[in-house]
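Please find below my notes on the model you sent round. I have kept them to points that can be checked against the coordinates.

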Amino acid sequence: MEGKEQDVSLGANKFPERQPIGTAAQSQDDGKDYKEPPPAPLFEPSELTSWSFYRAGIAEFMATFLFLYITILTVMGVNRSPTKCQSVGGHINPAVTFGLFLARKLSLTRALFYMVMQVLGAICGAGVVKGFEGKTLYGKYNGGANFVAPGYTKGDGLGAEIVGTFILVYTVFSATDAKRSARDSHVPILAPLPIGFAVFLVHLATIPITGTGINPARSLGAAIIFNKDLGWDDHWIFWVGPFIGAALAALYHQVVIRAIPFKSS
């Protein structure tokens with residue numbers, strides 16, 4: 001009997017209770033090998049000589065090209081159907097890039113390069129859709145361009161874009177947070193899954209209002225290829241709204257959730 005009790009005691013010492021999950025786990029950072037990465041420099045000239053820099057830009061171009069190809073065809077298909085649904089997502093978005101830049105996750109050099117490639121990819125993607133659909137059908141469904149729907153004010157459209165982009169960018173920050181990955185490494189999370197789901201929900205809410213922009217490259221590409229007053233009249237909303245939403249998401253995540261400015265070095 002004494003031998004069994006000793007075995008139980010040894011087993012308890014050998015396999016101690018795991019770190020609790022939840023708020024208690026969050027406060028016990030000493031158990032994880034995590035260090036806050038240094039902020040990205042504002043300008044990084046050495047990036048201009050790196051192949052990885054241009055490879056990333058090409059990836060942004062191709063991703064946004066495919067993004068516009070799929071989303072514009074989806075929007076035009078949605079307009080033919082009595083039910084409306086659309087799901088897209090990814091970095092491929094100047095608002096996401098802007099939010100990450102504000103959080104010092106990438107340099108201004110890289111952020112500007114990404115935005116340029118995103119816009120070029122968006123224009124090419126929208127152009128391919130117009131070529132496939134033909135001018136008549138393409139024009140009939142407004143080329144998938146973003147605009148504030150009748151019955152809504154410009155303020156409604158701007159608010160919808162701000163809130164929608166906030167949800168997207170905050171989800172990006174949360175899903176790709178290195179500290180969360182280090183702390184909860186036993187809980188695998190595929191980042192594109194929550195990001196895509198967030199964008200899906202935003203589209204369900206805002207398609208009736210603005211057609212859902214939350215991506216300035218998507219809105220600009222469609223407006224340039226469609227090139228009608230309808231696509232340009234409210235176009236500023238689809239830049240101002242997403243950039244405000246992205247800035248608020250970056251501020252909320254970095255200052256409120258992570259409290260990075262208040263941490264001692």
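The numbered points below go from the basis of the model to its fold, cores, surface and one helix.

1. This is a predicted model, in which local features need pLDDT of at least 70 and side-chain atom pairs count only at pLDDT 80 or more, while totals for chains, interfaces and linings use all residues. Residues are numbered from 1 along each chain as its sequence is written, and side-chain values use heavy atoms, with hydrogens and water left out.

2. The chain holds 12 helices and 0 strands, where helices (H or I, at least four residues) and strands (E, at least two) are DSSP runs numbered from the N terminus. Among contacts (heavy atoms within 4.5 Å) between residues at least 6 apart in sequence, 80% join residues at least 24 apart.

3. Of the 265 residues in the chain, 42% are buried; buried means under 20% relative accessible area, exposed over 50%, and partly exposed in between, with a 1.4 Å probe and protein chains only. The accessible surface of the chain, from the Shrake-Rupley method with a 1.4 Å probe, comes to about 14,400 Å², of which 65% belongs to carbon and sulfur atoms.

4. A nonpolar core is here a set of buried Ala, Val, Leu, Ile, Met, Phe, Trp, Tyr and Cys residues joined through side-chain atoms within 4.5 Å. The largest has 28 residues, and Val96, Leu106, Leu168, Val169 and Phe173 are those with the most contacts inside it. Helices α3, α4, α5, α7, α9 and α12 each supply at least two residues of this core, and its largest share, 6 residues, comes from α5. A second, separate core of 15 residues includes Phe67, Ile72, Ile92 and Ala145.

5. On the surface, Leu48, Trp51, Tyr54, Ile58 and Met62 make a nonpolar patch of about 510 Å². Such patches take residues with over 30% relative accessible area and no salt bridge (a side-chain nitrogen of Lys or Arg within 4 Å of a carboxyl oxygen of Asp or Glu), with nonpolar side chains (Val, Leu, Ile, Met, Phe, Trp, Tyr) joined within 5 Å. Met62, which lies in helix α3, is partly exposed, with a relative accessible area of 40%.

6. Helix α10 (residues 216–226) is mostly covered, since 10 of its 11 residues are buried, among them Arg218, Leu220 and Phe226. At the start of α10, a side-chain oxygen of Asn215 reaches to within 3.0 Å of the backbone nitrogen of Ala217. Just after α10, Asn227 takes a positive phi of about 55 degrees.

Terms used: Patch = residues over 30% accessible without salt bridge, like charges linked within 9 Å, V, L, I, M, F, W, Y side chains within 5 Å. Polar contact = N/O pair within 3.5 Å; in protein donor to acceptor, adjacent residues only side chain to side chain.
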